[in-house]
Amino acid sequence: MSIPNRDSFTSKFGVIAAAAGSAVGLGNIWKFPYEVGQNGGGAFLILYFFFVVVIGLPVMMSEFVIGRKTNVNAVRAFKKLSPNKPWYLTGVMGVAAAFMILSFYGVVAGWTLEYIHLAIVNAFKGQSPEELSKGFNDFITNPIKPVIWQVIFMILTAVVVIGGIKNGIEKITKILMPVLFLIIVLMGIRSLTLGVNTSESGEIIGRSVDGLKFLFRPDFSKIDIDVVLDALGQAFFSLSLGMGTIITYGSYIGKNNNLKKTAVEVAFLDTLIAILAGVAIFPAVFYFNVAPTEGPGLVFSVLPSIFQKMVGGYVWTLAFFVLFAVAALTSSISLLEVAVAYFAEELKVKRVTATIIVASLITILGVACSLSNSVLKDVTILGRNIFDTMDHVSSNFLLPIGGMFIAIFTGWAMKKSEFFNELTNQGAIKVKLFSGIYFIIRFVAPIAIAIVFLYSVGLLG
Ligand code: TRP
């Protein structure tokens, strides 16, 4: 039943690069370190690890299995495995989520391009964190500039997706992911070796080691139900689960790939890079005695001032924003691919046509997101501007519900033997702990995700 000459990944490394490229994104670079820092450091880290291993991994295996078993897009995959049943709506929801996530994701990704540009022209030189913060605000509230960068970013994303799987996505992620890894390791080392910062009179201003303590010291007193559920939600978002990204990538994976091993490697790399991002950021923040404030503020306003105070600051700043943009690009490719695969296969149009149409529609939606920081800031839906609405509805509604249905589908609508045969490559490889994985998919994951969802809509907690 598989489509003749369907595009596919050509190597094990290509699969890992593309899937890890999807997982490692804006979520890792600023959100993860910040959440770790604010939610009890090492204690949050332990919870996060637990959820990645015990819930994220089995759900990722489910998505890979659904995708590779069917070799079609995320909507048809459900139709093929369970004809004449409404399960395919899980895929439809995923395609809708891809539109919504990429619309605001492209905005922030566009910001990273502006910051690469600013780093190149050395615009940060001599600016205090306050001045940088003002500069950041002026930039995102400008109605034109962020939109231009966003459009450029969406064109870059579309160009890669038009190239297809082996000549587009696989080729680019095989180059970019090792580059990203190298940059972040170097930045971590630089940040860690800053040591003790003293003023001219010999007073201690800050120590890089305090950043490590901030990041890793388990403070169990900060753990409550909200933090537990935050860790679960972050595990899902960071692993790109719940909307068919991994189903779609799975559909391009060869029959002899060890899907369980691939899932473990992707989850490991995603977690490692999130931790490395924290190691790159917090020791530097503490060395320069800057408040470890939240999200975009930290990355766009504080980091340039930190880097330019370092020896070789010009290079560090540029390297950081290149890394940031690369992480965003390899994730946005995966978001676009979900929708392109669906429209190209279902409407039987060429990949290039589907990509241009889908990317244009998402960009239009995205421009509205960008303008919600400026001319459209008074347009609100239930008290949220357009940008926040896209983020809120997709992350808090569509992803958890999608993840839950994927687990329920695999555990209850598919036969156990179907799942077993696909995961073991028809019995050719051994899969340790299979019963445990299957039990989690049937019971633990759906219940845990239901709790996250109920919590996020305010019915719990
Ligand atoms: N995981 C990416 C990040 O951490 C974002 C992302 C890409 C994503 N594809 C996804 C999130 C699919 C949820 C679902 O930035």
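Start at Gly27: in this predicted model, one of its backbone N or O atoms lies 3.0 Å from an oxygen atom of the ligand. Right beside Gly27 in the numbering, Leu26 does something similar, with a backbone N or O atom 3.2 Å from a ligand oxygen. Then comes Asn28, which uses its side chain: an N or O atom there is 3.2 Å from an oxygen atom of the ligand. With these contacts in view, how much of the ligand does the protein bury? On its own the ligand exposes 370 Å², and the protein buries 100% of that.

So much for the contacts; now look at the place itself. The ligand sits in the largest cavity. Which elements give two or more residues to the shell around it? They are α1 (12–23), α2 (26–38), α10 (225–238) and α14 (313–346). In total, 17 residues surround the ligand, and the closest are Ala23, Gly27, Tyr105, Phe237 and Ser240. If you sort the shell by character, you get 8 nonpolar residues, 9 polar ones and no charged ones.

Helix α1 is a handy place to go next, since it gives residues to that shell. Ser22 lies in this helix, and it counts as buried because its relative accessibility is 3%, under the 20% cut-off. Follow the chain on from Ser22 for 151 residues and you get to Thr173; in space, the C-alpha atoms of the two are separated by 9.3 Å.

Next, find helix α8, which runs over residues 165–192 and holds Gly188. Is Gly188 buried or exposed? With a relative accessible area of 4%, Gly188 is buried. Its C-alpha atom is 7.6 Å from that of Ile281, although their positions lie 93 residues apart along the chain.

Now for Ala77, in helix α4 (residues 74–81). Its relative accessibility is 0%, so Ala77 counts as buried. Measuring from C-alpha to C-alpha in the model, Ala77 and Phe13 are 24 Å apart, with a separation of 64 residues in sequence.

For a change from helices, turn to strand β1, residues 196–198, where you'll find Val196. Val196 has 45% relative accessibility, so it counts as partly exposed: the value falls between the 20% and 50% cut-offs. Ser208 is 12 residues away from Val196 along the chain, and their C-alpha atoms are separated by 6.5 Å.

Last stop: the loop between α17 (416–423) and α18 (434–456), which is home to Asn425. Its phi is near 50°, a positive value in a residue other than glycine. Leu433 lies in the loop between α17 and α18 too, and its phi, near 65°, is again positive in a residue that isn't glycine. What about their accessibility? Asn425 is buried, because its relative accessible area is 12% and the cut-off for buried is under 20%. Leu433, on the other hand, counts as exposed at 68% relative accessibility, since exposed means over 50%.

Conventions: Residues numbered from 1 in each chain as written. Predicted model: local features only at pLDDT ≥ 70, side-chain atom pairs only at ≥ 80, totals over all residues. Heavy atoms only, no water. Near = heavy atom within 4 Å. Polar contact = N/O pair within 3.5 Å; in protein donor to acceptor, adjacent residues only side chain to side chain. Areas by Shrake-Rupley, 256 points an atom, 1.4 Å probe, with all protein chains shown as cover. 1 Å grid on protein atoms, 1.4 Å probe; cavity = no way out; pocket = protein on both sides within 12 Å on 5 of 7 lines; lining within 4 Å. Sits in = over half its atoms within 2 Å of the grid points. Helix = DSSP H or I, 4+ residues; strand = E, 2+ residues; numbered from the N terminus. Nonpolar A, V, L, I, M, F, W, Y, C, P; charged D, E, K, R; others polar. Buried < 20%, exposed > 50% of the residue type's maximum accessible area, 1.4 Å probe, protein only.
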